[in-house]
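The following exercises are meant to be worked through with the sequence and the coordinates side by side. Try each task before reading its solution.

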Amino acid sequence: MRPRNCSIAETALALGLAISFSGVVTFKKSEGLRAIARDVPLDRILVETDAPYLAPTPHRGRRNEPAFVVSTAGVVAEARGITPEALADA
């Protein structure tokens, strides 16, 4: 059974929208989100911060800040099997 988020992502992509990933994608139990990050076309990915909330791992429990988006991008890149630099270039 596919995660509900997968069908939401597919619908968003069909509408021509981009998919944005926040620090939640770095959480231990967010395997489903990382799977979506792996499959979304690279030119449709955004990486964001929910500052001041939901700091990514390894900053959980702290006030989130825009600089932490680097951690989020690293996890998205890892899920895709690319370097963070390649993700940033895209």
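## Exercise 1: A pair of helices

In this predicted model, H2 passes H3 in a right-handed crossing. Describe the contact of H2 with H3, naming the residues that make it, and then characterise the geometry of the pair by angle and axis distance.

**Solution.** Step one is to list the participants: the contact is made on the H2 side by Arg 34, Ala 37, Arg 38 and Asp 39, and on the H3 side by Val 75, Val 76, Ala 79 and Arg 80. Step two sorts these residues by class, which gives four nonpolar and four charged residues, with no polar ones. Step three turns to the geometry. Two packed helices are described by the angle between their axes and by the distance between those axes. Here helix H2, residues 31-39, and helix H3, residues 69-80, pack at an angle of about 70 degrees, and their axes are 8 Å apart. Since angles of 65 to 115 degrees count as roughly perpendicular, H2 and H3 are therefore roughly perpendicular to each other.

## Exercise 2: A residue of H3 and its surroundings

Decide whether Val 76 is buried or exposed, and find which residues it is in contact with once its neighbours within four places in sequence are left aside.

**Solution.** Begin with the location: Val 76 is found in helix H3, and it is one of the residues of H3 that make the contact with H2. Next comes accessibility, where the relative accessible area of Val 76 is 0%, so the residue is buried. Then collect the contacts beyond the sequence neighbours, which are Phe 21, Val 25, Ala 37, Ile 45 and Leu 87; of these, Ala 37 belongs to the H2 side of the helix contact. As a last step, take the C-alpha separation of Val 76 and Leu 46, which is 9.9 Å in space for two residues 30 apart in sequence.

## Exercise 3: A threonine in the loop before H2

Locate Thr 26, and establish which backbone atom its side chain reaches.

**Solution.** The first step places Thr 26 in the loop between strand S1 (19-21) and H2. The second step considers accessibility: buried means under 20% relative accessible area, and Thr 26, at 9% relative accessibility, therefore counts as buried. In the third step, the side chain of Thr 26 is found to reach the backbone nitrogen of Thr 57 at 2.8 Å. The fourth step widens the view to the residues that Thr 26 touches, not counting those up to four places away in sequence, and these are Arg 34, Pro 56, Thr 57, Ser 71, Thr 72 and Val 75. Two of the names, Arg 34 and Val 75, also appear in the contact of H2 with H3.

## Exercise 4: The loop between S2 and H3

Identify which peptide bonds leading to Pro 52 and Pro 58 are cis, find the sign of phi at Leu 54, and work out how Asn 64 is placed relative to this stretch.

**Solution.** Start with the backbone. The peptide bond from Ala 51 to Pro 52 is cis, with omega near 10 degrees, and the bond from Thr 57 to Pro 58 is likewise cis, with omega near 15 degrees. Pro 52 lies in the loop between S2 and H3, as does Pro 58. Leu 54, in this loop too, has phi near 55 degrees, a positive value in a residue other than glycine, and at 44% relative accessibility Leu 54 counts as partly exposed.

Now turn to Asn 64, whose place is in the loop between strand S2 (45-47) and H3. Asn 64 is buried, with a relative accessible area of 4%. Leaving aside neighbours within four places in sequence, Asn 64 is in contact with Thr 49, Asp 50, Ala 51, Pro 52, Tyr 53, Leu 54, Ala 55 and Pro 56. A polar atom of the Asn 64 side chain lies 2.9 Å from the backbone oxygen of Tyr 53. Finally, the C-alpha atoms of Asn 64 and Leu 54 are separated by 6.4 Å, with their positions ten residues apart along the chain.

## Exercise 5: A proline after H2

State where Pro 41 is found and which residues it touches beyond its sequence neighbours.

**Solution.** Pro 41 is found in the loop between H2 and S2, and at 35% relative accessibility it counts as partly exposed. Not counting residues up to four places away in sequence, Pro 41 touches Leu 13 and Arg 80, and Arg 80 is one of the H3 residues in the contact with H2. For a comparison across the chain, take Pro 58: the two prolines are 17 residues apart in sequence and 26 Å apart in space, C-alpha to C-alpha.

Terms used: Residues are numbered from 1 along each chain as its sequence is written. This is a predicted model: local features need pLDDT of at least 70, side-chain atom pairs count only at pLDDT 80 or more; totals for chains, interfaces and linings use all residues. Side-chain values use heavy atoms; hydrogens and water are left out. Axes are lines fitted to C-alpha atoms, for helices over the stretch in contact, and angles run from 0 to 180 degrees between N-to-C directions. Helices (H or I, at least four residues) and strands (E, at least two) are DSSP runs, numbered from the N terminus. Angles under 35 degrees count as roughly parallel, over 145 as roughly antiparallel, 65 to 115 as roughly perpendicular and the rest as oblique. A crossing is left-handed if the near helix is turned anticlockwise from the far one by less than a right angle, and right-handed if clockwise. Contact means heavy atoms within 4.5 Å. Ala, Val, Leu, Ile, Met, Phe, Trp, Tyr, Cys and Pro count as nonpolar, Asp, Glu, Lys and Arg as charged, and the others, Gly among them, as polar. Buried means under 20% relative accessible area, exposed over 50%, partly exposed in between (1.4 Å probe, protein chains only). A polar contact is a pair of N or O atoms within 3.5 Å; within protein, one must be able to donate a hydrogen and the other to accept it, and residues adjacent in sequence count only if both atoms are side-chain atoms.
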